[in-house]
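This report describes selected features of a protein model, beginning with its strands and continuing with its helices. The sequence and the structure are shown below.

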Amino acid sequence: MPTRTSFDYAVLRVAPRVEREEFVNAGVILFCLQRRFLGARVHVDESKLRALSSEVDVELVRGRLEAVVKICDGAADGGPVARLSQRQRFHWLVAPRSTIVQVSPVHTGICAEPKACLDNLFRQLVLS
């Protein structure tokens, strides 16, 4: 049985009209220092976004969420932030911001397998 370890995570939220403070959960970022894991799962639910704002630019939202995944993965096309350490990338990604894509406060947990935990949180917090 794998050793359980702590992790931090935040929920990615899309607020089509920032001034209204309404949002749709659109992804999860999970960081586990001990397992050297940083990952994100994202999903754009166009109908939920359009329910909050008929004028939302869905492709813009999709691009910004995909950029988060690239940064987590350390992808070559993820820009300068993707070249930082995993810890630095996580802290940069979860910094508060007032843009269309925002993050929840950071939460903690304990798991045996960070990727499986990310998938589970994604199903619970975004897809359900």
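How many bridges join strand β1 to strand β4 (residues 101-103)? The two strands are joined by 3 bridges and run antiparallel. The model under discussion is a predicted one.

**Strand β1 and its partners**

Strand β1 spans residues 5-14, and 7 of its 10 residues are buried, so the strand is largely enclosed by the rest of the structure. Besides the pairing with β4, β1 pairs in the antiparallel sense with strand β2 (residues 24-32) over 7 bridges, and antiparallel pairing with strand β5 (residues 107-111) extends over 5 bridges. Individual positions help to locate these pairings in the model. The table sets out each partner strand with a pair of residues standing opposite each other.

| Partner of β1 | Bridges to β1 | Residue in β1 | Opposite residue |
|---|---|---|---|
| β2 (residues 24-32) | 7 bridges | V11 | V28 |
| β5 (residues 107-111) | 5 bridges | Y9 | H107 |
| β4 (residues 101-103) | 3 bridges | V14 | V101 |

As a general point, the side chains of a regular strand alternate between the two faces of the sheet.

**Helices α2 and α3**

The axes of helix α2 (residues 58-73) and helix α3 (residues 86-93) come within 9 Å and cross at roughly 155°. Because angles over 145 degrees count as roughly antiparallel, this crossing makes α2 roughly antiparallel to α3. On the α2 side, the contact is made by V68, I71, C72 and D73, while α3 contributes R89, W92 and L93. By residue class, the contact of α2 with α3 comprises 5 nonpolar and 2 charged residues, with no polar ones.

Which residues of α3 are buried? They are R89, F90 and L93. Viewed down the axis of α3, the buried residues fall within an arc of 100°, so they line one face of the helix. These buried residues pack against β1, β2, β3 (37-42), α2 and β4. Among these elements, β1 is the strand whose antiparallel pairings with β2 and with β4 were described above. R89 and L93 also take part in the contact with α2.

**Residue E46**

Helix α1 (residues 46-52) contains E46. This residue is partly exposed, with a relative accessible area of 35%. Between E46 and D57 the separation is 11 residues in sequence, and their C-alpha atoms are 9.7 Å apart in space.

Notes:
Residues numbered from 1 in each chain as written. Predicted model: local features only at pLDDT ≥ 70, side-chain atom pairs only at ≥ 80, totals over all residues. Heavy atoms only, no water. Buried < 20%, exposed > 50% of the residue type's maximum accessible area, 1.4 Å probe, protein only. Helix = DSSP H or I, 4+ residues; strand = E, 2+ residues; numbered from the N terminus. Pairing = 2+ DSSP bridges. Axes fitted to C-alpha atoms, helices over the stretch in contact; angles between N-to-C directions. Parallel < 35°, antiparallel > 145°, perpendicular 65-115°, else oblique. Contact = heavy atoms within 4.5 Å. Nonpolar A, V, L, I, M, F, W, Y, C, P; charged D, E, K, R; others polar. Arc of directions from axis to C-beta.
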